[in-house]
Amino acid sequence: MKLFVDTALIEEIRKLHRWGIISGVTTNPTLLAKAAATNVRDVIVQICELVQGPVSMEVVSTDAEGMVREAREYASWHEHVVVKIPMTEDGLIATRQLAAEGIKVNMTLIFNPNQALFAALAGATFVSPFLGRIDDISWEGMDLIREIAAVFRNDPHITTQILAASIRHPRHIVEAAKAGAHIATCPPQVLRKAVRHPLTDIGLERFLADWRKLQGQG
Ligand code: E4P
């Protein structure tokens, strides 16, 4: 399973990219607002140049025509831009049109397996099921990943990738990988938590202490 970062904060992306584990980025209007990205185009192009992989940029139009217009504009910014389209009837119409034009779509706000199947059939490159938001309403977000993975596995024509989104903690990452997600998009703080283990810290402290002892003996 691949890992993307779910943020529009360039400095965060720059630091995490150095780890060598990040192959794409997802943004949305909320994340762009949090990053105070007033020049959105500039931010997205910088991220594309940095990661050299898929970078999701979301439309804000709600009608198919407007979505297609916005999507064409975003796709012209950089070859790595993937356009995020919400799962609605208009979203499906726009996705079908964009896929025919060769513009990659990440269908977002997926909360049931039928939505994921429809997105795939319309030609989406990625589908984004929102795990954490399902957990928030006391359902099991991971079941959705498992169901989508089973549906996609049963149709050899489907090449759409499952992009597990709304990741809230490190267990979500490994569980999504086991459930069949192709990618998990993770907030920076979740990646930072996932890299740490108290026994790693204790073990390192002991090795360094023993090394210092050895130097003292010499
Ligand atoms: C995915 O692409 C979304 O940007 C994101 O994962 C939503 O997560 P949230 O539920 O934490 O807002």
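Reader: Taking a pocket to be an open set of points on a 1 Å grid, with protein on both sides within 12 Å along at least five of seven lines, what volume does the largest pocket have?
Author: In this predicted model, the volume of the largest pocket is about 470 Å³.

Reader: Which residues lie nearest its centre?
Author: Asp6, Asn28, Leu31, Lys34 and Pro187 lie nearest the centre of the largest pocket, out of 24 residues that line it. The elements giving two or more residues to this lining are α2 (29–34) and α10 (188–195).

Reader: And how do the residues of that lining divide by class?
Author: The lining of the largest pocket has ten nonpolar, eight polar and six charged residues.

Reader: Where does the ligand sit?
Author: The ligand occupies the largest pocket. The residues surrounding the ligand are Asp6, Thr26, Asn28, Leu31, Lys84, Phe130, Arg133, Ala165, Ser166 and Arg168.

Reader: What is the make-up of that shell, by class?
Author: Four residues of the shell around the ligand are charged, three are polar and three are nonpolar.

Reader: Turning to contacts, how far is an oxygen atom of the ligand from the side chain of Asp6?
Author: The distance is 2.7 Å, from an oxygen atom of the ligand to an N or O atom in the Asp6 side chain.

Reader: And what are the values for Asn28 and Arg133?
Author: For Asn28, a side-chain N or O atom is 2.7 Å from an oxygen atom of the ligand. For Arg133, a polar side-chain atom lies 2.7 Å from a ligand oxygen atom.

Reader: How much of the ligand's accessible area does the protein cover?
Author: On its own the ligand has 340 Å² of accessible area, and the protein covers 86% of it.

Reader: A change of topic: what is the volume of the second largest pocket?
Author: The second largest pocket has about 160 Å³. It is lined by 13 residues, and those closest to its centre are Phe4, Pro54, Lys104, Phe126 and Gln161.

Reader: Which elements give two or more residues to that lining?
Author: Those elements are β1 (2–6) and β4 (81–86).

Reader: How many residues of each class are in the lining of the second largest pocket?
Author: Six residues in the lining of the second largest pocket are nonpolar, four are polar and three are charged.

Methods. Residues are numbered from 1 along each chain as its sequence is written. This is a predicted model: local features need pLDDT of at least 70, side-chain atom pairs count only at pLDDT 80 or more; totals for chains, interfaces and linings use all residues. Side-chain values use heavy atoms; hydrogens and water are left out. A residue is near a molecule or strand if one of its heavy atoms lies within 4 Å of it. A polar contact is a pair of N or O atoms within 3.5 Å; within protein, one must be able to donate a hydrogen and the other to accept it, and residues adjacent in sequence count only if both atoms are side-chain atoms. Accessible areas come from the Shrake-Rupley method with a 1.4 Å probe; for residues, only the protein chains shown count as cover. On a 1 Å grid over the protein atoms alone, a cavity is a set of points where a 1.4 Å probe fits but cannot get out, and a pocket is an open set with protein on both sides within 12 Å along at least five of seven lines; lining residues have an atom within 4 Å of a point. A molecule sits in a cavity or pocket if more than half of its atoms lie within 2 Å of its grid points. Ala, Val, Leu, Ile, Met, Phe, Trp, Tyr, Cys and Pro count as nonpolar, Asp, Glu, Lys and Arg as charged, and the others, Gly among them, as polar. Grid points are joined across faces, edges and corners, and a volume is the space filled by probe spheres set on the points. Helices (H or I, at least four residues) and strands (E, at least two) are DSSP runs, numbered from the N terminus.
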